[in-house]
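Q: I would like to learn how to read a model like this one feature by feature. Could you take me through it?

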Amino acid sequence: MKEDIAKSSSLGSRPVANNRYWRLLEAAPDGIVEVDDSGRIVLLNSQVEKMFGYRREELLGKSVEMLMPERFRGRHPAHREQYRAHSVIRPMGSGLDLRAVRADGTEFAVDINISPFEGETGGSVVCAIRDVTDRRLAEEEIRNLNLSLEQRTRDLAVINSELEVRNRQVEKADRLKSNFLTTMSHELRTPLNAIVGFADLLARQTAGPLTQKQERFVGNVKESSRHLLSLVDDILDISKIEAGCLDLKFESFSLSVAVDEVLSTLRPLAAAKEIDLTTDLSVDLTLHADRLRVRQVLYNLLSNAIKFTPAKGSVRLVSRANGSVIHISVIDTGIGIPPEENEKIFEVFHRYLTPTQHVCEGTGLGLSITRLLVEQHGGKIWVESEPGKGSQFHLTMPGSRDPVR
């Protein structure tokens, strides 16, 4: 019993009857303080010493207000009196930001639970004090993050609203552009066709003989008019595809027949440069596509290959079936394309200027139209090329399981 009393003196002013209770008090994770009816500290555990930075003898018998920030001390006695009149187990200052002060004067956030206790000198209050600094910091960080998220959400809503307006404006501009190009293309085709027709009549000398110089001039008119007509047709195709107005007429047909139709037009162009123009087609390949547009795709790829292949080179068209997909490749021994141009060459109006060229040939629409037409059929197109090592243009097209009639 003497040992219990000796140990209990370190806890407060009165002995603890049982050593087990003393150990439990010391093992508590919270600071435990007993305050008598006059507001004096009569008992505390070691957690209070650690939490507040005081030695036990510095707190025993002192007013509990010394553990509070000075701004709260004046009104605390009144709160004690109110609690004595309604003594129940409850949190102190529920919903308030409770603060305590250490021996060095620093403040920290606490949670305090209070309960009435019948002490030796009358009614006492037992306070369980917990340092919640880390929790409050985490809560504050969460609040700040939530506020930041709410602000970003509002900002994002404004941005989305602006984007919707801009998208509608862009869509309207695209429609107006496509309508304008379609209208102007039709308006330009009529006089151009008339110019080509009259130039043909003059070239046939139906209105009388022409001098050599006049024949040369008429030939220039025909060539320039056909070039403009081709440009107008390309612009019309682009505008139709972008506006979603291109109607594809799907049918099943033999790939070899379509290839022969294109080659019959291009062989004179290849022969003029002594280019070896060959094919390696799998037998009985049947496409299910728009025949006219497939011929346009093949013509664009083969004519480009011939154009950019030096004299006495070779251009080869290869095809094979891969399930229900037809794979077509146009392979040449031309000047090649650097890797950084492999995607750009399919962009509208982009023209690759080779190191030996001073003026770009073509309009920059052929490959753009080719890619759009291939994609309209559900296929894809890509290029493999290196400067000086030729190019390989690959594309896929839907095959047909129905025999060609």
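A: Gladly. This is a predicted model, and a good place to begin is its secondary structure: the protein has 11 helices and 13 strands.

Q: What share of the 405 residues is buried?
A: Burial is judged by relative accessible area, with under 20% counting as buried. Here 35% of the 405 residues in the protein fall in that class. The accessible surface of the protein is about 24,500 Å², and carbon and sulfur atoms hold 54% of that area.

Q: And how do I read the contacts along the chain?
A: Look at how far apart in sequence the partners are. Of the contacts in the protein with a separation of 6 or more, 60% are between residues 24 or more positions apart.

Q: Which length should helix 8 span, given its 31 residues?
A: The idea is to count 1.5 Å a residue and compare the result with the distance between the end C-alpha atoms. For helix 8 (residues 212–242) the expected span is 45 Å, and the end C-alpha atoms are 45 Å apart, so the two agree. Its buried residues include Val218, Leu229, Val232, Leu236 and Ile241, but also Lys222, Asp234 and Asp237. After the helix comes Gly244, with a positive phi near 70°.

Q: Where does helix 9 bend?
A: A bend is read from the angle between axes fitted on either side of a residue. Helix 9 bends by about 45° at Leu266, and Pro268 is a proline that follows within four residues. The end-to-end check still holds: the 18 residues of helix 9 (residues 255–272) should span 26 Å, and the end C-alpha atoms are 26 Å apart. Just after the helix, Glu274 has a positive phi of about 55°.

Q: What covers the buried residues of helix 9?
A: Start with the buried residues themselves: Leu255, Ala258, Val259, Val262, Leu263, Leu266 and Ala270. Leu266, where the helix bends, is thus one of the buried residues. The cover includes strand 7 (250–254), strand 8 (276–280), strand 9 (286–290), strand 10 (314–322) and strand 11 (325–332), along with helix 10 (291–307).

Q: How many salt bridges does the structure hold?
A: For a salt bridge, look for a side-chain nitrogen of Lys or Arg within 4 Å of a carboxyl oxygen of Asp or Glu. The structure holds 18 of them. One joins Asp97 and Arg136, at 2.7 Å from N to O. This pair links distant parts of the chain, 39 residues apart: Asp97 sits in the loop between strand 3 (90–91) and strand 4 (99–101), and Arg136 in helix 7.

Q: Is Arg136 buried or exposed?
A: Arg136 counts as buried because its relative accessibility is 16%. Arg136 also forms a salt bridge with Asp111, with the closest N and O atoms 3.1 Å apart. That pair spans 25 residues, from helix 7 to strand 5 (residues 107–119). Asp111 is partly exposed, at 23%.

Q: Which residues are linked in the network of salt bridges?
A: The network takes in Arg71, Asp97, Arg99, Glu107, Asp111, Arg135, Arg136 and Glu139. Within it, Glu107 and Arg99 meet at 3.7 Å, N to O. Glu107 is partly exposed at 32% relative accessibility, and Arg99 is partly exposed at 28%.

Q: Which residues form a nonpolar patch on the surface?
A: Leu156, Ile159 and Leu163 do, with about 260 Å² of accessible area together. Ile159 belongs to helix 7 (residues 133–203) and counts as partly exposed because its relative accessibility is 42%.

Terms used:
Residues numbered from 1 in each chain as written. Predicted model: local features only at pLDDT ≥ 70, side-chain atom pairs only at ≥ 80, totals over all residues. Heavy atoms only, no water. Patch = residues over 30% accessible without salt bridge, like charges linked within 9 Å, V, L, I, M, F, W, Y side chains within 5 Å. Areas by Shrake-Rupley, 256 points an atom, 1.4 Å probe, with all protein chains shown as cover. Helix = DSSP H or I, 4+ residues; strand = E, 2+ residues; numbered from the N terminus. Buried < 20%, exposed > 50% of the residue type's maximum accessible area, 1.4 Å probe, protein only. Contact = heavy atoms within 4.5 Å. Expected span 1.5 Å × (residues − 1). Bend = angle between axes of the 7 residues up to and from the residue.
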